[in-house]
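User: Please take a close look at the charged side chains in this structure, and at their surroundings. A connected explanation, suitable for a first-year student, would be appreciated.

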Amino acid sequence: MTVHPSDSPADIDVVVVGAGFAGLYALHRLRGMGLSARAFEQAEDVGGTWYWNRYPGARCDVESIDYSFSFSEELQQEWSWTERYATQPEILRYLNHVADRFDLRPAITFGTRVVSAVYHEPSAQWLVETDRGHRVTARYCIMAVGCLSLGRIPDFPGLESFRGQAYHTGTWPRQGVDFAGLRVGVIGTGSSGIQVIPQIAQQAAHLTVFQRTPHYTIPAQHHQLDPEWLAEFKHQYADYRARMRVSRGGVSRDYSERRALDTPPEQRRRVYQARWNFGGAEILGSFADLLTDTEANQTVAEFVAGKIREIVRDPDVAGRLVPRGYPFGAKRLCVDTGYYDTYNRDNVTLVDVTATPIEAITPAGLRTTAAEHELDAIVFATGFDAMTGALLAMDIRGRGGLPLRQAWEAGPRTYLGLSVAGFPNLFIVTGPGSPSVLSNVVLSIEQHVEWITDFLGYLRKHDIDWAEPRTRAQDSWVAHVNDVASQTLFPVGNSWYLGANVPGKPRVFMPYIGGVGRYRAICDQVAAAGYTGFDLGAAGQDTDPELPAVADAEAAWG
Ligand SMILES: Cc1cc2nc3c(=O)[nH]c(=O)nc-3n(C[C@H](O)[C@H](O)[C@H](O)COP(=O)(O)OP(=O)(O)OC[C@H]3O[C@@H](n4cnc5c(N)ncnc54)[C@H](O)[C@@H]3O)c2cc1C
């Protein structure tokens with residue numbers, strides 16, 4: 001089916017927005033159910049995050065064998081990852097392979113941004129419009145727009161005046177960038193900054209890093225995957241994936257049940273050292289109380305601070321790189337390759353822009369309150385308007401023309417992170433209120449897409465035109481998400497999990513921290529009980545009392 005820009009809307013079952021991991025899998029499932037579906041994707045090709053983030057050093061920080069689809073045994077057997085943490089080009093090749101293997105491209109309209117989606121109550125249909133003039137009506141909308149897909153650059157005075165080259169890590173040029181011989185500035189030291197800085201340092205004549213908040217980062221201890229080991233490992237892939245599905249973070253990582261404060265200091269240190277040597281975010285699972293008890297948290301924070309001081313030769317620079325003012329792990333824990341060691345290079349300077357803030361971008365570079373920095377290129381590693389940015393960039397209107405922007409004025413509110421009261425038949429993949437960015441996102445995507453498509457199957461089987469979460473069920477879910485977060489140290493970190501990186505964004509702890517295993521059990525229970533918490537109805541009618549009963553939902557998590 002081809003959808004052309006036109007005045008008369010084409011009519012299909014499902015519009016999917018986005019063609020990253022989530023959009024691709026949604027298309028595959030929908031087609032398997034015999035539903036007509038079309039995806040719109042702003043990019044010129046598939047890949048989402050891995051299409052856009054082509055900066056040198058871009059990799060996943062969840063291990064490749066975990067950060068990949070599990071829905072097809074054939075796919076996971078035939079694909080072989082070459083590195084422990086796959087590079088961006090390898091992940092993009094994988095997603096292209098998925099698109100071709102399952103013949104998904106014909107269902108995707110590329111280079112096309114969805115600008116609005118408006119719900120029409122009498123027909124229980126969504127009217128979706130794009131920037132290229134497409135108008136499509138669909139019973140259901142699946143928003144697979146990504147939780148980290150709308151990049152942001154702070155509103156620095158003089159931004160437009162810069163005469164050199166400027167890049168955001170999230171929209172890196174396809175042809176790459178040659179920094180040889182250039183004076184480069186990188187603004188931002190979150191996950192992307194930490195990955196790109198060591199790479200640019202190797203090319204540039206001089207690199208100046210402008211750091212507002214030092215982040216905790218753990219060496220990846222990266223290595224190639226031995227093909228023989230991988231072949232052997234694949235025999236137990238199904239069991240491995242089954243363990244990931246019931247885990248806390250959606251990875252095979254081993255979380256200790258022991259408490260740091262019950263462990264003698266020397267033994268504690270050995271545990272941290274072993275996990276440091278192993279590499280990656282593994283260290284977070286060292287003890288059960290690291291993210292719930294400030295004193296326990298300090299023990300791991302001190303261990304990592306000690307490592308920074310050991311690696312970075314200049315004590316002053318090391319001091320500036322040591323995070324302070326928030327608990328270890330309360331902001332996204334980064335994983336790096338040679339990050340701290342980069343500051344031992346003669347061509348790298350670290351500028352603390354908390355002490356001396358950036359006043360303006362100038363034609364020749366950048367001015368802080370302390371100095372002028374002449375730069376040939378500026379790299380903005382300034383992150384994303386996380387979890388809500390791409391959704392709110394569209395004009396989404398639900399019942400009574402209610403804009404989503406208005407419904408979420410005080411922060412996002414969802415039922416299970418999947419749907420929103422007032423917005424029938426609209427589903428969000430890895431939305432706020434779900435484990436999303438606190439998990440192996442690919443695993444969470446699979447769980448969401450499967451849950452949503454199963455729900456669509458249920459609605460069709462029972463001849464139900466619309467489904468919408470009840471406000472009460474949504475309120476109760478939001479309270480649960482907040483309650484679980486408040487039992488941890490997470491809300492203390494002034495992080496993008498809270499929207500703290502975007503001026504004016506309401507402070508709400510967005511991801512669900514209860515763990516992917518627990519979350520999956522709740523979603524399954526909601527489904528098994530007949531989709532509790534949802535009102536269901538026929539087009540043009542309010543809730544139909546003849547339809548399957550909807551009991552109170554809270555039992556699933558209360
Ligand atoms: C640099 C980087 C590294 C990451 N590493 C990891 C990792 O190691 N582990 C992990 O679990 N997660 C990681 N993530 C998170 C990552 O975003 C997810 O793992 C996953 O790729 C998300 O897939 P998705 O399909 O949901 O969204 P995306 O991959 O973001 O795809 C969404 C797509 O929707 C499109 N889109 C958005 N709005 C519109 C619109 N209005 N109209 C049309 N198209 C639209 C976008 O162009 C985009 O292509 C990383 C993120 C970044 C940025």
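Analyst: **Charged side chains and their surroundings**

Glu90 is a buried residue without a salt bridge, and the nearest side chain of opposite charge, that of Arg93, is 4.8 Å away. The model discussed here is a predicted one. Glu90 belongs to helix 4, which covers residues 88-101. A salt bridge requires a side-chain nitrogen of Lys or Arg within 4 Å of a carboxyl oxygen of Asp or Glu. The 4.8 Å separating Glu90 from Arg93 therefore does not meet the limit of 4 Å. The side chain of Glu90 nevertheless has a polar partner: one of its polar atoms lies 2.9 Å from the backbone nitrogen of Thr82.

Salt bridges are the next topic. Side chains of opposite charge can pair when their charged atoms come close. The structure holds 23 salt bridges.

One of them joins Asp465 to Arg139, with 3.0 Å between the closest N and O atoms. This pair links distant parts of the chain: Asp465 is in the loop between helix 14 and strand 19 (466-469), Arg139 is in strand 6 (residues 135-143), and 326 residues separate the two. Are these two partners buried or exposed? Asp465 has a relative accessible area of 17%, so Asp465 is buried. Arg139 also counts as buried, because its relative accessibility is 19%. Both values are read against the limit for a buried residue, which is under 20%.

A second bridge is formed by the side chains of Asp395 and Arg397, which meet at 3.0 Å, N to O. Asp395 has a relative accessible area of 23% and is therefore partly exposed. Arg397, with a relative accessible area of 30%, is likewise partly exposed.

A further bridge pairs Asp475 with Arg413, and here the closest N and O atoms are 3.0 Å apart. Once again distant parts of the chain are linked: Asp475 lies in helix 15 (residues 471-486), whereas Arg413 lies in the loop between helix 13 (404-407) and strand 18 (426-428), 62 residues apart. Asp475 is partly exposed, with a relative accessible area of 33%. Arg413 is partly exposed as well, at 31%.

Salt bridges can also be considered as a network. Asp45, Asp100 and Arg105 are linked in one of this kind.

Charged residues also appear around the ligand. The ligand is surrounded by 32 residues, and the closest are Glu41, Thr49, Asp61, Tyr67 and Val441. By class, this shell consists of 18 nonpolar, eleven polar and three charged residues. Which polar side-chain atoms lie by an oxygen atom of the ligand? A polar side-chain atom of Thr49 is 2.7 Å from an oxygen atom of the ligand. For Trp50, an N or O atom of the side chain lies 3.5 Å from an oxygen atom of the ligand. For Tyr67, the corresponding distance between a side-chain N or O atom and an oxygen atom of the ligand is 2.6 Å. On its own, the ligand has 980 Å² of accessible area, and the protein covers 96% of it. Two or more residues of the shell are given by each of helix 1 (21-32), helix 2 (49-52) and helix 14 (441-461). Helix 2 supplies the largest share, three residues.

The loops on either side of helix 14 deserve attention for their backbone angles. Thr430 is in the loop between strand 18 and helix 14. Its phi is near 55°, a positive value in a residue other than glycine. Thr430 is buried, with a relative accessible area of 5%. Asp463 is in the loop between helix 14 and strand 19, where Asp465 is also found. Although Asp463 is not a glycine, its phi is positive, about 55°. How does Asp463 stand in accessibility: buried or exposed? With 65% relative accessibility, Asp463 counts as exposed, whereas its loop neighbour Asp465 is buried.

To return to the starting point, Glu90 is buried and has no salt bridge, while a polar atom of its side chain lies 2.9 Å from the backbone nitrogen of Thr82. Asp465 and Arg139, by contrast, form a salt bridge, and Asp465 is buried, as is Arg139.

Technical notes. Residues are numbered from 1 along each chain as its sequence is written. This is a predicted model: local features need pLDDT of at least 70, side-chain atom pairs count only at pLDDT 80 or more; totals for chains, interfaces and linings use all residues. Side-chain values use heavy atoms; hydrogens and water are left out. A residue is near a molecule or strand if one of its heavy atoms lies within 4 Å of it. A polar contact is a pair of N or O atoms within 3.5 Å; within protein, one must be able to donate a hydrogen and the other to accept it, and residues adjacent in sequence count only if both atoms are side-chain atoms. Accessible areas come from the Shrake-Rupley method with a 1.4 Å probe; for residues, only the protein chains shown count as cover. Helices (H or I, at least four residues) and strands (E, at least two) are DSSP runs, numbered from the N terminus. Ala, Val, Leu, Ile, Met, Phe, Trp, Tyr, Cys and Pro count as nonpolar, Asp, Glu, Lys and Arg as charged, and the others, Gly among them, as polar. Buried means under 20% relative accessible area, exposed over 50%, partly exposed in between (1.4 Å probe, protein chains only). Lys and Arg count as positive and Asp and Glu as negative; His and the chain ends are not counted.
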